[in-house]
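The following account leads the reader through one protein model, from its overall composition to individual side chains. Please keep the structure in view while reading.

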Amino acid sequence: MLVGGSAYAGWALTPSAGPAPVARPSDQVPVPTESAETVAPAAPAPDDLPEIDYDPAPVGFPDDPDALDTTPLTEGVRPQRRLAAYDGPGGRPIAFLMPTISGVDLTVPVARREAGWTAVLLPSANRKLAWLPPGGFDTVELRDQIVVERVPYRLTWYRDGVAKRSWRVSLGQRGQETPLGRTFVLGRTPPPESVYGGVDIYALGSVPDDPESVPAGLRGAHIGIHTWYHDGELGRQTTNGCIRLTPSGQRLLLKEVPPGSPVTVVDTLPTPPPTA
């Protein structure tokens, strides 16, 4: 059981009903490279490295250089065993990426590739990447994307790069702003209290930028997308960092958008989506 509070999705995640379709097993079809010699070798990983779980990720991972890029990420990695995660191709092992987090199958979006290695968005961290050497994971197709704009208080759902629906949302209050950057849907959890309107919650891979700024009961929890018992605060900064959506909008996302789907938070898009 994961402990959280009234503004973050920090509760027990719900295992998915079944596996996502596998597009390409990496153990059978390696990441394309110019030649076998271009694959940077992986240093052995000590067995006592920490495991990446729901708690804040270990430090030492590199920044995501494209954190505010809203280009859809169309592939995800699904670990099939414990994987050593590095700070760069051929670099230093930092921690182990596990097949599950809190009992939920983990799917992390692919951010870039280099020297035969794959960089994925790091769970339980903001704007960080983890580099994986070839092998030990499956590659799955990601069709959906969520983009949140902080200035117009707007969430837009995209499928195959096409905007499908937009909703007005409420976001983090001053000092507890909804974190900018790329993250992803980590999993879903039932609402623990009636204030959530009886609709499941998405737990994201992101966490508060300043853990000390949130109430003590919320520390250690993740940013979430969820509903509220009323819609009177949409278009305002009223949350502790989470993204509040209408119940009908949340139900549609829960039906259509699977775990692993990328989520990008920006201040505003250069051009509003046609669904705005």
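Two residues are said to be in contact when heavy atoms of theirs lie within 4.5 Å. The model to which this term is applied here is a predicted one.

In secondary structure, the protein comprises 1 helix and 20 strands. Its length is 276 residues, of which 51% count as buried. The exposed surface amounts to about 11800 Å², and carbon and sulfur atoms supply 51% of this area. Among contacts with a separation of 6 or more, 71% are made by residues 24 or more positions apart.

The interior may be considered next. The largest nonpolar core has 38 residues, and within it Phe61, Leu97, Val120 and Leu132 have the most contacts. Two or more residues each are given to this core by strands E3 (83–86), E4 (93–97), E7 (108–114), E8 (117–121), E9 (129–132) and E15. Leu97 illustrates how such a residue is surrounded: leaving aside residues up to four places away in sequence, Leu97 touches Ile52, Pro79, Arg81, Arg82, Leu83, Leu106, Val108, Val120, Pro123 and Leu132. A second, separate core is made up of 21 residues, including Leu204, Ile223, Leu245 and Val263.

Strand E15 also has a place in an open sheet of 8 strands, whose order is E13-E12-E11-E20-E15-E16-E17-E19 and whose pairing is mixed. At the edges stand E13 (162–168) and E19 (243–244); each has a single partner strand, so one side of each is left without a neighbour in the sheet. Helix H1 (residues 247–256) packs on this sheet, where it touches E11, E12 (154–159), E13, E15, E16 and E17 (224–226). The direction of H1 makes about 25° with that of E12.

How is E15 paired with E20 and with E16? Strand E15 runs antiparallel to E20 (residues 262–266), to which 4 bridges join it; Arg182 has Thr264 as its bridge partner in E20. With E16 (residues 201–204) the pairing of E15 is likewise antiparallel and extends over 4 bridges, and here Arg188 has Tyr202 as its bridge partner. Of the 9 residues of E15 (residues 181–189), 8 are buried, so the strand is largely enclosed by the rest of the structure. Strand E20 pairs in the parallel sense with E11 (residues 144–149), over 4 bridges. In that pairing Ile146 stands opposite Val263 of E20, and Val263 is also one of the residues of the second core.

The aromatic side chains complete the picture. A pair of aromatic rings is described by the distance of the centres and the angle of the planes. The protein has 3 aromatic pairs. In one of them, Tyr196 and Trp228 meet edge-to-face, at 5.7 Å centre to centre and with 85° between the planes. Tyr196 lies in the loop between E15 and E16, whereas Trp228 lies in the loop between E17 and E18 (237–239); the pair therefore ties together parts that are 32 residues apart in sequence. Trp228 also pairs with Tyr229 in a tilted arrangement, at 5.8 Å centre to centre and with 45° between the planes. Ring pairs thus link Tyr196, Trp228 and Tyr229 into a cluster.

Which members of this cluster are buried, and which exposed? Tyr196 is buried, with a relative accessible area of 0%. Trp228, at 12%, is buried, because the term applies under 20% relative accessible area. Tyr229, at 55% relative accessibility, counts as exposed.

Conventions:
Residues numbered from 1 in each chain as written. Predicted model: local features only at pLDDT ≥ 70, side-chain atom pairs only at ≥ 80, totals over all residues. Heavy atoms only, no water. Buried < 20%, exposed > 50% of the residue type's maximum accessible area, 1.4 Å probe, protein only. Pairing = 2+ DSSP bridges. Areas by Shrake-Rupley, 256 points an atom, 1.4 Å probe, with all protein chains shown as cover. Core = buried A, V, L, I, M, F, W, Y, C linked by side-chain atoms within 4.5 Å. Axes fitted to C-alpha atoms, helices over the stretch in contact; angles between N-to-C directions. Phe/Tyr/Trp six-rings, centres within 6.5 Å; stacked < 30°, edge-to-face > 60°.
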